[in-house]
Amino acid sequence: MPSLASRLIPLVIRATRRQRVFADPDRARAFLDEAAVRPASYAPPRLRDDVRLSRADRHGWPVYVLEPAGAPARGTVVYVHGGGWAKEISAPHWRLCAQVAAEARTRVLVPVYPLAGPVSATNRGTAAGVVAGVADLVRDEVAEHGPVCLAGDSAGGQIALSAAMELRDRGVSRLPATILISPALDLAMGNPDIDRVQPSDPWLARRGLRVFIDAWRAELPVDDPRVSPLCGDFTGLGPLTVFAATRDIVLPDVRLGVERARAAGVDVTYIEEQGLLHVHPLQPTPEGRAARETIVGVVRAAVR
């Protein structure tokens with residue numbers, strides 16, 4: 001049974017009406033319009049004292065570097081944040097990245113990639129541009145520092161897996177670990193099992209998400225692997241660690257992705273939690289803490 005803290009989170013989500021923007025296409029369009037005029041801050045909050053924070057912009061993007069204080073860092077993780085392709089990085093993402101940097105004693109790079117927006121917005125992010133940008137960042141880090149792990153949650157999980165596929169196609173050496181937290185793998189969202197999960201998901205909903213998805217994919221078809229990595233070829237990818245939960249509409253496609261990756265010979269560690277929500281490893285719950293410890297362990301082993 002989920003912990004008391006995990007059982008309270010759906011009540012908080014409903015009380016704050018966080019599903020509205022995902023459930024209502026008009027609200028989703030209004031969100032994109034407002035964000036284009038008044039973009040949210042991506043500035044990191046104050047982080048733990050055993051982490052050093054610096055900024056090293058790459059390819060026109062702000063890129064933050066988190067490193068363990070007072071100790072040499074081993075290896076690199078590039079973390080791609082979620083937020084429906086339209087919401088900026090937030091405190092839980094920063095806290096996870098800081099924990100990984102401190103406890104796995106590794107460098108964590110956090111790219112602040114351009115977000116999806118209305119067609120009229122300048123510098124709006126699209127799947128083609130952002131996936132290529134993340135792949136470029138990883139390629140450069142591999143050339144300069146050696147093996148790099150990729151990680152991401154939700155929309156960031158989609159970007160991370162799409163980038164891993166692009167890196168393989170470019171001939172970049174196989175990544176030692178790719179960590180996917182509740183990744184959105186098929187942006188068509190046509191899996192009939194989603195209808196069975198939707199009533200239990202207090203957070204995500206397809207109707208508003210499709211507005212964000214259409215803005216994100218831009219000119220690309222929805223089955224392009226840069227949009228929907230479930231439609232791509234998993235052959236030759238490095239090890240995957242995948243987190244999912246049963247009260248999350250991305251679950252049916254995550255299960256399909258795990259099946260296809262294993263059928264392609266990929267080493268997959270799959271962790272599915274009963275009764276928990278989308279991106280539960282980011283949440284302040286006992287289950288979230290346990291998942292974060294697992295992530296630290298995966299990174300620590302991969303960067304040795």
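## Overall picture

A residue is called buried when its relative accessible area is under 20%, exposed when that value is over 50%, and partly exposed in between. By this yardstick, buried residues account for 56% of the 304 residues in the protein. Please keep in mind that the structure you are looking at is a predicted model.

How many helices and strands can you find? The protein has 10 helices and 8 strands. Measuring along the principal axes, its C-alpha atoms fill a box of roughly 50 × 45 × 45 Å. For 304 residues, a compact globule would have a radius of gyration near 19 Å, and the value of 18 Å for the protein agrees with that.

## Contacts and surface

Contacts also tell us how the chain comes together. If you take the contacts between residues at least 6 apart in sequence, 79% of them join residues at least 24 apart.

On the outside, the accessible surface of the protein comes to about 12700 Å². Carbon and sulfur atoms own 51% of that surface.

## A nonpolar patch at helix 1

Let's visit one spot on the surface. Leu4, Leu8 and Leu11 make a nonpolar surface patch of about 300 Å². Leu8 is found in helix 1, which covers residues 4–15.

Is Leu8 buried or exposed, or something in between? Its relative accessible area is 42%, so Leu8 counts as partly exposed.

## Ser154, an annotated position

Now look at Ser154, which carries the annotation "active site" in an unreviewed UniProt entry. Where does Ser154 sit? You will find Ser154 in the loop between strand 5 (148–153) and helix 6 (155–170).

Ser154 has a relative accessible area of 12%, and because this is under 20%, the residue is buried. Which residues does Ser154 touch, not counting those up to four places away in sequence? They are Gly82, Ile181, Ser182, Pro183, Ala184, His278 and Val279.

## Val222, in another loop

Our last stop is Val222, located in the loop between helix 8 (206–217) and strand 7 (240–247). With a relative accessibility of 27%, Val222 is partly exposed.

Leaving aside neighbours within four places in sequence, Val222 is in contact with Leu187, Ala188, Arg217, Val227 and Ser228. You can also compare Val222 with Met189: these two are 33 residues apart along the chain, and their C-alpha atoms are separated by 9.7 Å.

How values were computed. Residues are numbered from 1 along each chain as its sequence is written. This is a predicted model: local features need pLDDT of at least 70, side-chain atom pairs count only at pLDDT 80 or more; totals for chains, interfaces and linings use all residues. Side-chain values use heavy atoms; hydrogens and water are left out. Patches are made of residues with over 30% relative accessible area and no salt bridge: like charges are joined within 9 Å, nonpolar side chains (Val, Leu, Ile, Met, Phe, Trp, Tyr) within 5 Å. Accessible areas come from the Shrake-Rupley method with a 1.4 Å probe; for residues, only the protein chains shown count as cover. A salt bridge is a side-chain nitrogen of Lys or Arg within 4 Å of a carboxyl oxygen of Asp or Glu. Helices (H or I, at least four residues) and strands (E, at least two) are DSSP runs, numbered from the N terminus. Buried means under 20% relative accessible area, exposed over 50%, partly exposed in between (1.4 Å probe, protein chains only). UniProt positions are given in the numbering used here, feature names are shortened, and annotations may be inferred rather than shown by experiment. Contact means heavy atoms within 4.5 Å. The radius of gyration is taken over C-alpha atoms; the globule rule is 2.2 Å times the number of residues to the power 0.38.
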